[in-house]
Protein chains: 2
Amino acid sequence: MGEQYLAKVYITLKPGVLDPQGEAVKQGLVTMGYEGVKEVRVGKYLEVLLEAEDGHEAFKQVDEMCRRLLSNPVIERYRCEIAGSREDGET
Amino acid sequence: MGEQYLAKVYITLKPGVLDPQGEAVKQGLVTMGYEGVKEVRVGKYLEVLLEAEDGHEAFKQVDEMCRRLLSNPVIERYRCEIAGSREDGET
């Protein structure tokens with residue numbers, strides 16, 4: 001049933017949402033001597049391998065997954081893209 | 001001292017490293033009816049805003065941060081890129 005597609009999903013906190021994890025990473029970097037670091041925001045990156053009829057259908061499904069499960073639309077925003085099949089994608 | 005640069009960092013588990021979080025997300029998606037989902041891998045996505053003399057220096061610093069703090073080189077690999085200053089970057 002269809003081909004396999006590799007989707008890449010990027011999930012970030014909306015601007016203005018506090019990011020304590022990012023703040024902790026920033027403080028760690030500054031303490032290590034990277035004094036030029038002004039801000040760090042931590043998000044998620046997911047790779048989803050799925051079977052679908054075509055790339056359009058694959059994108060539609062992944063976009064829906066992002067809204068329904070992968071991201072929290074109240075505080076996060078997401079971006080997804082179809083990066084081809086795993087076979088012809090990056091290693 | 002220099003300009004502000006926005007660096008994007010993608011951290012993923014190396015192939016072969018078990019990803020229980022990804023497995024849980026996959027099971028959740030299948031349970032929700034996305035039966036085409038074959039595999040999910042969960043990684044991190046970070047945005048680092050930093051001051052540096054130029055883009056080359058900014059990249060060098062972020063690459064070093066990835067090796068020293070942001071990623072675990074035993075089980076993870078990383079990719080970083082300089083995406084311009086926040087002002088002229090994406091919203």
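**Exercise 1. Describe the interface between chain A and chain B in this predicted model: how much area do the chains bury between them, and on which atoms?**

Solution. Begin with the area: chain A and chain B bury about 3200 Å² between them, and 60% of it falls on carbon and sulfur atoms. Next, ask which residues of chain A lose the most area to chain B; these are A:Met32, A:Tyr34 and A:Tyr45, which together account for 19% of what that side buries. Then count the residues in contact, of which there are 34 in chain A and 34 in chain B. Turning to the polar side of the interface, there are 14 residue pairs in polar contact between chain A and chain B, counted where both residues have pLDDT 80 or more, whereas the rule finds zero salt bridges across the interface. Finally, assign the surface to elements: β1, α1, β2 and α2 of chain A each supply at least two residues of the side that touches chain B, and the largest share, 15 residues, comes from β2(A).

**Exercise 2. Determine which turn and which shift lay chain A on chain B.**

Solution. A turn of 180 degrees with a shift of 0.0 Å along the axis lays chain A on chain B with an RMSD of 0.0 Å. This is therefore the relation of a two-fold axis. To place the axis in chain A, look for the nearest C-alpha, which belongs to A:Lys44 and lies 2.2 Å from the axis. The same surface serves both copies, since 100% of the contact residues of chain A recur in chain B.

**Exercise 3. Decide whether B:Thr12 is buried or exposed, and list what it contacts beyond its neighbours within four places in sequence.**

Solution. First locate B:Thr12, which lies in strand β1 of chain B. Its relative accessible area is 17%; because buried means under 20%, B:Thr12 is buried. With those sequence neighbours left aside, B:Thr12 is in contact with B:Ile75, B:Glu76 and B:Arg77, and also with A:Tyr45.

**Exercise 4. Examine helix α2 of chain B: what caps its N-terminal end, and what covers its buried residues?**

Solution. The cap is B:Asp54, a side-chain oxygen of which lies 3.1 Å from the backbone nitrogen of B:His56. The helix, residues 55-70, has 16 residues, yet its end C-alpha atoms are only 20 Å apart, short of the 22 Å that a straight helix would reach. Its buried residues include B:Val62, B:Met65, B:Cys66 and B:Leu70. What covers the buried residues includes α1 and β2 of chain A, together with β1, β2 and β3 of chain B.

Key. Residues are numbered from 1 along each chain as its sequence is written. Chains are lettered from A and ligands numbered from 1 in the order in which they are written. This is a predicted model: local features need pLDDT of at least 70, side-chain atom pairs count only at pLDDT 80 or more; totals for chains, interfaces and linings use all residues. Side-chain values use heavy atoms; hydrogens and water are left out. Helices (H or I, at least four residues) and strands (E, at least two) are DSSP runs, numbered from the N terminus. The expected span of a helix is 1.5 Å times one less than its number of residues. Buried means under 20% relative accessible area, exposed over 50%, partly exposed in between (1.4 Å probe, protein chains only). Contact means heavy atoms within 4.5 Å. A polar contact is a pair of N or O atoms within 3.5 Å; within protein, one must be able to donate a hydrogen and the other to accept it, and residues adjacent in sequence count only if both atoms are side-chain atoms. Copies are superposed by least squares on the C-alpha atoms of residues with pLDDT of at least 70 in both. Buried area is the accessible area (1.4 Å probe) that two parts lose on being put together, summed over both. A salt bridge is a side-chain nitrogen of Lys or Arg within 4 Å of a carboxyl oxygen of Asp or Glu.
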